[in-house]
Structure formats: C-alpha cells, structure tokens
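Dear colleague,

I am handing over the structure shown below, together with a short account of what was found in it. Please keep it open while you read.

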Amino acid sequence: MGGAVVDTGDCGVKAPDGGWGWAVLFGCFVITGFSYAFPKAVSVFFKELIREFGVGYSDTAWISSILLAMLYGTGPICSILVNRFGCRPVMMVGGLFASLGMILASFATNIIHIYICTGVITGLGLALNFQPSLIMLNRYFSEKRPLANGLAAAGSPVALCCLSPLGQVLQYNYGWRGGFLILGGILLNCCACGALMRPLTAPKKTSEVEEKEKETKPKPKPKLLDFTVFKDCGFLIYTVAAAIMVLGLFVPPVFVVSYAKELGNEDTKSSLLLTILGFVDMFARPTCGVIAGLKWVRPRCVYLLSFAMIFNGTTDLIGSMSKDYPSLVVFCIFFGISYGMVGALQFEVLMAIVGTKKFSSAIGLVLLVEAFAVLLGPPGAGLLLDVTKNYMYVFLLAGCEVFLSALVLGICNMLFIKRKPEQPDPPAKMEMAIIDAEMEELNKAPKNEQDRRGGQNGKKQAVEQEAMEKSDSKIVEEPESIGVDSIELENSSKNVTEPNGVVVEPESSL
C-alpha cells in the first residue's frame, strides 16, 4: 500500500460535487448520527445503572452531559489535529477511542468509571469523528453543499430512531454490560467511515518548468489553529448568535416527555412525542438543504437560518400554552420542522462565512463557545422548573433565547455586513484561469490562420500590382532606341541642298 496523503485543505483542487464525494457524504451521515444520537441512546441504560451502583438519576444524567461537553468542548483540539495530520487518520483514531470507551465501560465497578470511559473516552472519540467529517464534506462539495449538509444532518434523527430501540433490545437480552460491549463494537464503524475520507490531491504536473517553479516556491506552513477568523465580523456575529441559540435550542426535546407526563399521559404515549419529532426532523433537514441550494436563496442563506430560528422560537412560545396531548403533538410536528431547518443550515452558513481554508479552525472555536451554552442551557431550564413548578416558563425561556439569537444574526448581518459579489474559491479560480487560457489559445489559432491567409493574399496582390506597373511602364515610356530612330527619320525627311544649288529630296536622291 502507498504512503498516506495528508490533506492540508489547500491543494488547489476544485470540489468535485459528486463522485467519491457521495461516499464521503455517507460517512458523514453515519458519523453525525452517532455523535448526536449516542448521548440520548445511552440514557436507555440509566435505570439499570441506578440499580447496579445505587446512585440517583441526576448522577447518571452526567454521563450524557459529559458526552456532549466532550463533543463540543474539544473543538479546538480537533482543529489542531486535523490541521496537523489530516482528517482520515484523526477519524480512524477517534473511532478506536469511541469503541474502546464503551468496551472498558462494560467492566466498570462504579459510576466514576462510567464517567471516564463512556463520557470522556467515548465522547472524545466521537468528537474526533464529527468535526473532521464536516470538514471533508465541505471540501468535496461546493455547488451542491447545501444539499449535502442537509442529507448529512439527517443522520441524527435516523440514528436516534434506530439506536434507542436497539438499546432497549440489548438491555433486555444482554443487560447493560452486554449492551455496552455490543455498542462498542458498533462504534468501530467510525473507523470504516474515517477510511472513506480520501483526501483531495492536485493533478500531477506534466511540465518540467512547472515542477521546478513548484520546488522553488516556499511552501507555507499550515496554522494549527487560525485565530484570524475572529477578525471576520461575520464570524463574530455568527458565534454570538449560535451561543445564544444553543441555550434554548435543546431544551424542548429534553422536557417535552416530562411535560406530557405532567399532563397525565402514560409513559409510552409520552415517549411517542420524541418519535414524532424525530420522524419530521428526518425529512425536514434534506428538504431544507434543497431549498438552501436554490440559486436565489443561497446568497441569502444566513437570512434563511434567521427565519428558521424565528420559526423555532415562535414554536416554543406557542407550545408553552399546550394543555393536552393533541396540542403537544402539533407542537412536536412544527418543532421538528424548525429544528431540522436549523440543523441543516447552521454549518452551511458557517462554511459560507469563513470559506474552505479556515473552516477547520472556525468550527472548532464555534463548538468550544457552544459547549458552555450546552452545559448551561438544560440545567438552567431545570433550575427554573424547580423554582416555578411550571413547564410553561421553561418553554417560554427557550423560545425567547432562540428568538433573540435570530434577531442578533439577521439584524447584525443586515447592518454590519456589506454584500460582496460572490467570488469562486481558489480551486475554482485556478480552473477558470485554465479555461480562459485555453479559450485564448483557441481564439489565437483562427486569428493566426487569418493573418497567414491575409499575408499570402497581400503577397499575391503585391506581385499582381508590380506586374501591372511594369506593363504600364512599357506602354507609356518608349525605349531609348525608338526615340533615336525618330530623330534620324525627321532629319532624313528634310530637303537636302547640294552645293550646286539643286534641292534634292531624300526619295529622289535614292
């Protein structure tokens, strides 16, 4: 096998928008599903863990919190590793960590072991897969990137619908230890997804001159973490808006089941609400990706994200007034639509703001900021619930936070960001330059042919003109010999007087 190719992200290759990119998209779909659904799927085993270790529900809830904290908080570390080693090796090592954590957790003897193995090790492994997969998706897709982001984001609800029932089956048949062991084996698929992330490489040069020029040019050393993204006003606006949004975005899915139980519905009926939400979310994400890819929508994608956030916040505000199960079902349907729109657009907008070259650093820094909001959002809503004993205030708070983030994103972009004409990425510029050069050569060929034909015609005309001038000179200018003969004839035509006085004419003299 050949040596590994490190994808630096600046190889001067235009995004193929297809081909092997569909395999990369499939890998990103699976990784996104594992990353977002796994913390929720693990909650199926909480009752068994409470019985096994004699702890409370709040103690087991820390497992999911640590998983999410590692997923978001290790963003800068992932960015540094990706910029240093490339996406593929980082993802394959991350898959090993994710699997190893669950396998070690199956031998745990207390809850602290679960925190370390499942929370820290598995969480770190999922983080090392999630961020690089998005980076590779950004490199393989340009024109079709909104659709690709929507399809990849659909992995979250699909995996949630699959992993939660699977966890219940594993717990029933093998217990929590056997379930953790099998889930660890399933997470090894992250390594297979990482292997799909083939780096893009520039085509080989055929000209020796170009090779020598390439050797003489100093290769810039890639930055491990590019903090210059903070100089971008658009990035700052996006980061602030995303942090505010995350405070309330994940609150309704956490509390909607408990809200339904509070209204007197049974457990199975209440859990069905999450299934409805996930099913709607599954179709909303790729649909929104298609809409975002439309020619007149894509340049205004940031405003479409603002609309999705306003839609989500308004749904929370109206859903806070739900008093029965049918109204909660309607709330979950509309929340699933808006939640799917936000999920499909959030990383697409970030890619559009910072570009391909800086995306690996930008996403790590954004996830780090969001990590604090993720840790504060649901616990803060829980504290509000303990104080007020009313779910209405929880949903009102979440709706206001998401609505505020939409206003920050939309209004600040309108006021502080000047629209620039879309410029193609450096790879696209290179390809356009090559096409222009080829067209120039093609245009030169007919011109040269015309000049050659014109030259031949000019020579032909010059020869013909010269011949005509010579013929005219023969007609107009008489030769010198003819002039002399005429003089002689004139002299000879004169009368000659002999010495004896007799006039003699030339004819008579003859």
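At which residue does α15 bend, and by about how many degrees? The bend lies at K358 and comes to about 120°. Please bear in mind that this is a predicted model.

The end-to-end span of helix α15, residues 325–388, fits into the same account: a straight helix of 64 residues would span 94 Å, whereas α15 spans only 22 Å between its end C-alpha atoms. Just after α15, K389 takes a positive phi of about 60°.

I turn next to the aromatic rings. A pair of such rings is described by the distance of the centres and the angle of the planes. The count comes to 16 aromatic pairs. One of them joins W176 and F180, which meet edge-to-face, at 5.5 Å centre to centre and with 85° between the planes. These two residues are four apart in helix α8 (residues 155–186), so about one helical turn separates them. Both W176 and F180 are buried.

In F331 and F335, the ring centres are 5.6 Å apart and the planes stand at 35°, so this pair is tilted. F331 and F335 are likewise separated by about one helical turn, because they are four residues apart in α15. F331 is buried, at 4% relative accessible area, and F335 is buried at 0%. Ring pairs also link F331 and F335 into a cluster with F250, Y259, Y339, Y391 and F395.

Finally, two charged side chains sit over rings. R198 lies over the face of W20, 4.3 Å from the ring centre. The charged end of K269 is placed over the ring of Y325, at 4.6 Å from its centre.

With kind regards

Methods:
Residues numbered from 1 in each chain as written. Predicted model: local features only at pLDDT ≥ 70, side-chain atom pairs only at ≥ 80, totals over all residues. Heavy atoms only, no water. Expected span 1.5 Å × (residues − 1). Bend = angle between axes of the 7 residues up to and from the residue. Phe/Tyr/Trp six-rings, centres within 6.5 Å; stacked < 30°, edge-to-face > 60°. Buried < 20%, exposed > 50% of the residue type's maximum accessible area, 1.4 Å probe, protein only. Lys NZ or Arg CZ within 6 Å of the ring centre and 35° of its normal.
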